[in-house]
Amino acid sequence: MRKKIVAGNWKMNLTFEEGQKLTTEIVNMYKDENIKDVTVVLNPPFVHLFSVKKLVGNTPNLFLGGQNCSDKASGAFTGETSATMLKSFGAEYVIIGHSERREYFKESNELLTAKVKQALENGLTPIFCCGEPLEIREAGTHEDYVKNQLTESLFGLSEEDFAKIVIAYEPIWAIGTGKTASSDQAQEMHKALRDHLASKYGQEAADNTSILYGGSCNPANAKDIFSKADVDGGLIGGASLKSRDFMDIINSF
Ligand code: PGA
């Protein structure tokens with residue numbers, strides 16, 4: 001059985017006080033609203049990890065993740081943060097290959113393979129992002145484009161390692177734009193990706209892989225998107241910065 005997951009990606013937002021306030025609200029609502037069967041992950045900027053972890057404590061099914069990690073284990077790489085450090089600060093997950101990292105920091109499929117390896121070696125669950133830009137969607141080659149991202153970065157993994165991966169499909173044209181993919185577009189891509197995973201790792205492994213949707217997910221559209229057979233949750237940007245919206249998305253399951 002694959003997990004239902006809602007992950008909040010704070011991106012480069014929130015001061016220390018704002019991060020504390022948001023986390024406190026989420027933890028309280030999470031406990032009050034008796035959330036069941038949904039794994040929730042908070043992915044704050046690195047500098048928040050320690051203080052957010054203190055507030056989250058050992059709340060069941062509420063986890064911490066990084067937004068990125070280095071492809072290197074340790075050493076003279078100024079400004080980088082290793083998977084080992086993330087794990088030591090209580091993170092269980094790490095977002096890898098977000099389209100903003102791919103675009104602004106020129107992260108290639110090859111580099112992402114090394115990041116996935118670092119994450120897995122340190123016992124972190126990678127939330128591996130994929131998704132096409134608008135021109136690829138308009139050209140109609142989006143399925144091949146996204147499948148290729150998975151092939152190039154993930155298909156060197158052993159079956160055992162692949163079983164630890166979470167995928168997030170995020171069409172770039174839907175991120176932060178308020179223009180979400182329709183639930184049918186999401187389902188169509190998620191099904192294509194699951195079939196692609198099955199062609200490499202077998203149907204059972206593919207059926208056990210959580211595939212999240214991301215891109216302008218909000219309380220108004222989450223229920224429809226999450227109702228689709230191959231959509232197993234969401235990677236939430238903007239709406240994860242508002243506790244009520246984030247909780248409403250979690251409650252959409
Ligand atoms: P958004 O971001 O929800 O603000 O569109 C999603 C993401 O980039 O992970």
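Select N9 to begin: setting aside neighbours within four places in sequence, N9 is in contact with N43, Q67, I95, H98, L235, I236, G237 and S240. The model on display is a predicted one, and the stops below proceed from this residue to others.

**N9 and its strand**

Colour residues 5-9, which make up strand 1, and N9 will be found within that strand. N9 is counted as buried because its relative accessibility is 5%, below the 20% cut-off. Next, display the backbone of K11: its nitrogen lies 3.1 Å from a polar atom of the N9 side chain.

**Two residues with positive phi**

Proceed to L14, in the loop between strand 1 and helix 1 (16-32). Phi of L14 is near 85°, a positive value in a residue other than glycine. With 25% relative accessibility, L14 is classed as partly exposed.

Now select S216, which sits in the loop joining strand 7 (211-214) and helix 11 (222-226). Here too the residue is not glycine and phi is positive, near 55°. Is S216 buried or exposed? S216 counts as buried, since its relative accessibility is 19% and the limit for that class is under 20%.

**The nonpolar cores**

The next selection is the interior. The largest nonpolar core comprises 61 residues, and L154, I165 and Y213 have the most contacts inside it. Which helix gives the most to this core? Highlight residues 183-201: this is helix 9, the leading contributor, with six residues.

Centre the view on I165 and show its surroundings. Apart from neighbours within four places in sequence, I165 is in contact with V116, L120, P126, F128, L154, L157 and T209. L154, one of these partners, is also among the residues with the most contacts inside the core.

A second core, separate from the one just visited, has eleven residues; A7, I95, C129 and V166 are among them. I95 may be recognised from the opening stop, as one of the residues in contact with N9.

**A patch on the surface**

For the final stop, turn to the outside and select F50, M85 and F89. These residues form a nonpolar patch on the surface, and their accessible area together is about 310 Å². Within this group, M85 belongs to helix 3, which covers residues 83-88. The relative accessible area of M85 is 41%, so M85 is described as partly exposed. To close the tour, display M85 of the surface patch together with the buried N9.

Notes: Residues numbered from 1 in each chain as written. Predicted model: local features only at pLDDT ≥ 70, side-chain atom pairs only at ≥ 80, totals over all residues. Heavy atoms only, no water. Patch = residues over 30% accessible without salt bridge, like charges linked within 9 Å, V, L, I, M, F, W, Y side chains within 5 Å. Areas by Shrake-Rupley, 256 points an atom, 1.4 Å probe, with all protein chains shown as cover. Salt bridge = Lys/Arg side-chain N within 4 Å of Asp/Glu carboxyl O. Helix = DSSP H or I, 4+ residues; strand = E, 2+ residues; numbered from the N terminus. Buried < 20%, exposed > 50% of the residue type's maximum accessible area, 1.4 Å probe, protein only. Core = buried A, V, L, I, M, F, W, Y, C linked by side-chain atoms within 4.5 Å. Contact = heavy atoms within 4.5 Å. Polar contact = N/O pair within 3.5 Å; in protein donor to acceptor, adjacent residues only side chain to side chain.
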